[in-house]
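Student: Could we go through this protein together, one question at a time?
Tutor: Gladly! Here it is, so keep it in view while we talk.

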Amino acid sequence: MSVKLPSDQITRMAKPVELAAKDFDGNPVSLSSYQGKLLLLVFWASWSDRSTEELANLAKLQSEIGQGDKWNILTVNVDDNLATARQTVKARGYTWPQAWLDGAGLAKATTAFDINSLPSICLLDANGHIAAHNLDPKLVRITLQRELKQK
């Protein structure tokens, strides 16, 4: 079965995108450290029921497809409070790298990644360019598998 993605789902930008986030220990997170692999970048909040559902689906996807050599997941929490984000990640058992955005970082990311709802799912190619943004959660698996085949 072939699924054609809407034209607004796929975008290639001229230069790699940047993100002004920090990990849960306060260290800067650099998207360039993921170059060479596909990166599923997911912006989420603990209060968002859709985020909860999609992160559970990501956990299933991670266990089914595996991760490491060809692709990674980085989820970026946008809660107002870092402590809430930490508590949610621990309670839900998310095992992939986590980042957090403060208000200023969120404002920049909203523009750079065209975030208009949560969760907001982007796929970055191995060069750090946006391969897909505002990815429909139903298309994450298909898009990731297609990009992995092209790699």
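**A partly exposed loop residue, and onward**

Student: Is N134 buried, partly exposed or exposed?
Tutor: This is a predicted model, so we read the class from its computed surface. N134 has a relative accessible area of 22%, and buried would need a value under 20%. Because exposed would need over 50%, the class of N134 is partly exposed.

Student: Where does N134 lie, and what is its phi?
Tutor: N134 belongs to the loop between β7 and α4. The residue is not a glycine, yet its phi is positive. The value is near 45 degrees.

Student: Which residue in the loop between α3 and β6 has a phi near 55 degrees?
Tutor: The residue sits in that loop and is partly exposed, with a relative accessible area of 37%. Its phi is positive although it is other than glycine. It is D114.

Student: Which residue does a cis peptide bond join to L118?
Tutor: Look at the peptide bond whose omega is about -5 degrees. The partner of L118 there is found in the loop between α3 (103–112) and β6. That partner is P119.

Student: Is S51 buried or exposed?
Tutor: S51 is part of helix α1. Beyond its neighbours within four places in sequence, S51 touches W44, A45, L118 and P119. Its relative accessible area is 0%, and buried means under 20%, so S51 is buried.

Student: And is D69 buried or exposed?
Tutor: D69 is in the loop between α1 and β4. Its C-alpha atom is 9.4 Å from that of L38, with the two positions 31 residues apart along the chain. The relative accessible area of D69 is 73%, and the cut-off is over 50%, so D69 is exposed.

Student: How do helices α1 and α4 cross, left-handed or right-handed?
Tutor: The axes of α1 (residues 49–65) and α4 (residues 140–150) come within 11 Å, crossing at roughly 35 degrees. On the α1 side, L58, L61, E64 and I65 make the contact, and they meet V140, R141, L144, Q145 and L148 of α4. Six of these contact residues are nonpolar, one is polar and two are charged. The crossing is right-handed.

Student: Which element gives the most residues to the largest nonpolar core?
Tutor: This core has 25 residues, and L40, L58 and W71 have the most contacts inside it. Elements giving two or more residues include α1, α2 (82–92) and β4 (71–77). The top contributor, with four residues, is β3.

Student: Which residue of α4 does L58 contact?
Tutor: Leaving aside neighbours within four places in sequence, L58 is in contact with L40, V42, I73, T75 and W96, among others. One further partner of L58 belongs to α4. That partner is V140.

Student: How many residues are in the second, separate core?
Tutor: Among its members are L19, V76, F113 and L124. The size of this second core is 22 residues.

Student: Over which residues does pLDDT stay under 50?
Tutor: The mean pLDDT of the chain is 87, with 88% of residues at 70 or more. One stretch stays under 50, although the model has 28 contacts for it beyond four places in sequence. Where pLDDT is low, predicted coordinates should not be read in detail. The stretch is residues 1–13.

Conventions: Residues numbered from 1 in each chain as written. Predicted model: local features only at pLDDT ≥ 70, side-chain atom pairs only at ≥ 80, totals over all residues. Heavy atoms only, no water. Axes fitted to C-alpha atoms, helices over the stretch in contact; angles between N-to-C directions. Left-handed = near helix turned anticlockwise from the far one by under 90°. Contact = heavy atoms within 4.5 Å. Nonpolar A, V, L, I, M, F, W, Y, C, P; charged D, E, K, R; others polar. Buried < 20%, exposed > 50% of the residue type's maximum accessible area, 1.4 Å probe, protein only. Core = buried A, V, L, I, M, F, W, Y, C linked by side-chain atoms within 4.5 Å. pLDDT = per-residue confidence, 0-100.
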